[in-house]
Amino acid sequence: VLEHEKFDILHFHEPWVPVLSRQVLSRSTSVNIATFHAKMPENVMSRTLSRAVTPYTKSILKYLHELTAVSDAAAEYISSLTDRPVTIIPNGIDLDHFIVPAGAAAKSGSAQRTDANTILYIGRLERRKGVRYLLKAFQVLQESREDLSLVLAGDGPDRERLEELAHYLELRNITFLGYVPEEEKLRLLQTSDLFCAPAIFGESFGIVLLEAMASGLVTVAASNPGYVSVMQGLGGLSLVNPRDTVEFARRMDLLLREESLRKMWLVWARSYVKQFSYKKVVDQYEVLYKQANANHRVNSKHAVPGAVNHSENQHV
């Protein structure tokens, strides 16, 4: 395929994932661009994994002409292995897919918020997503409020355990929906009152936060490095330590009750999220592609015939 297509650029996502990337990179005569997405969690298993993949990752740096990452958190690992620059280009979303035009209705019902004060979670039900902390904070909220409901959309290995915890905490008005199709996901985003993303580790970005913002849904998010990279400026009001149950509950209550604060947050989010539109993200990659391709041509002209310079410190 490489010989037949003669690509100008090859773009590798998570090139440290072994076997296939190495096979292609070692045979590529194209401009090779890498994007790193993952944030290594701070635990024993991840440190063991890091030690295992680091020799491999170092060995492929010589084949890569440009290094990019979706956030500072995602760049952390690769930056620990090289002093070469890493260009930050964020993930993006299709804004038009989530934004509800003024006066329009959601496909499966009214897009207007209800009086039910619905807190929404969308994501996998697994340990690192921190859903158990959301359940505990919801219990605190229910001690002083009767007008709340909690909806959890998504499935995962911890679902049964979390359902048992909800029963043990005697939570009322809680619904585990399991997997939901895209149309239902949009309806939930457009009709809920507060979105919660309590992930405690392993997040390098936060696409789900952008989707909530674009849908006009006020958000509370865990202060992990990936979510912090997204919730800048006024978005810092949304960040909380989910393990601090009382403070987590207090922040949710604040962003449910204070209408003036909610309006201010939504004005900020409506403007802020525009920078993550696919068009703006693709434009950034296009600039990088053109510059990298031009640099590669200049270097190729000055290269000694038959010689290959793959120094790790060479930034082409």
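Two strands count as paired when DSSP finds at least two bridges between them. That rule is enough to get going on this predicted model, starting with β2 and β3. Strand β2 (residues 31-36) and strand β3 (residues 66-69) run parallel, with 4 bridges between them. Within this pair, Thr35 sits opposite Thr68 of β3. Strands of a sheet pair through backbone hydrogen bonds, either parallel or antiparallel.

Both strands belong to an open sheet of 4 strands, ordered β1-β2-β3-β4, in which the pairing is parallel. The edges of this sheet are taken by β1 (9-13) and β4 (86-88), each of which pairs on one side only. From one strand to the next, the twist averages 25°. A helix goes with this sheet too: α4 (residues 72-79) lies across β2, β3 and β4, and runs at about 170° to β4.

The other sheet described here is also open and parallel, with 6 strands in the order β7-β6-β5-β8-β9-β10. At its edges stand β7 and β10 (239-240); each has a single partner strand, so one side of each is left without a neighbour in the sheet. At the β7 edge, β6 and β7 run parallel and are joined by 4 bridges, and Val151 is found opposite Thr175 in β7. At the β10 edge, strand β9 (residues 219-222) connects to β10 through 2 bridges, again in the parallel sense. Here Ala222 has Val240 of β10 as its bridge partner.

In a regular strand the side chains alternate between the two faces of the sheet. For β7, the covered face is made up of Ile174, Phe176 and Gly178, while Thr175 and Leu177 make up the uncovered one. Thr175, the residue opposite Val151, is thus named on the uncovered face.

Next come the helices around this second sheet. Helix α9 lies across β5, β8 and β9, and its direction makes an angle of about 175° with β8. Helix α8 (residues 182-191) has Lys185, Leu186, Leu188, Leu189, Gln190 and Thr191 as its buried residues. The cover over them includes strands β5 (118-122), β6 (149-153), β7 (174-178) and β8 (194-197), along with the helices α5 (95-98) and α9 (207-214).

Two packed helices are described by the angle between their axes and the distance between the axes. For helix α6 (residues 131-142) and helix α7 (residues 159-168), the axes come within 10 Å and cross at roughly 15°. Since angles under 35 degrees count as roughly parallel, α6 and α7 are therefore roughly parallel to each other. Their crossing is right-handed. The meeting residues are Val131, Arg132 and Leu135 on the α6 side, and Leu162, Leu165 and Ala166 on the α7 side.

Side chains of opposite charge can pair when their charged atoms come close. The model has 20 salt bridges, and a few of them show how varied the surroundings of the partners can be, from exposed to buried. Lys6 and Glu3 form one such bridge through their side chains, at 3.0 Å from N to O. Both ends are exposed: Lys6 has 54% relative accessibility, and Glu3 has a relative accessible area of 62%.

Asp158 and Arg161 make up a mixed pair, with their closest N and O atoms 2.5 Å apart. Asp158 is buried, at a relative accessible area of 14%, whereas Arg161 is exposed, at 53%.

A further bridge links Arg262 to Glu259, and in this case the closest N and O atoms are 3.9 Å apart, with the cut-off for a salt bridge set at 4 Å. These two residues share helix α12 (residues 259-272), where they are 3 residues apart, about one turn of the helix. Arg262 is buried, with 9% relative accessible area, but Glu259 is partly exposed, with 45%. Elsewhere, Arg124, Glu126, Arg128, Lys129 and Glu203 are joined into one network by salt bridges that share partners.

Technical notes: Residues are numbered from 1 along each chain as its sequence is written. This is a predicted model: local features need pLDDT of at least 70, side-chain atom pairs count only at pLDDT 80 or more; totals for chains, interfaces and linings use all residues. Side-chain values use heavy atoms; hydrogens and water are left out. Buried means under 20% relative accessible area, exposed over 50%, partly exposed in between (1.4 Å probe, protein chains only). Axes are lines fitted to C-alpha atoms, for helices over the stretch in contact, and angles run from 0 to 180 degrees between N-to-C directions. Contact means heavy atoms within 4.5 Å. Angles under 35 degrees count as roughly parallel, over 145 as roughly antiparallel, 65 to 115 as roughly perpendicular and the rest as oblique. A crossing is left-handed if the near helix is turned anticlockwise from the far one by less than a right angle, and right-handed if clockwise.
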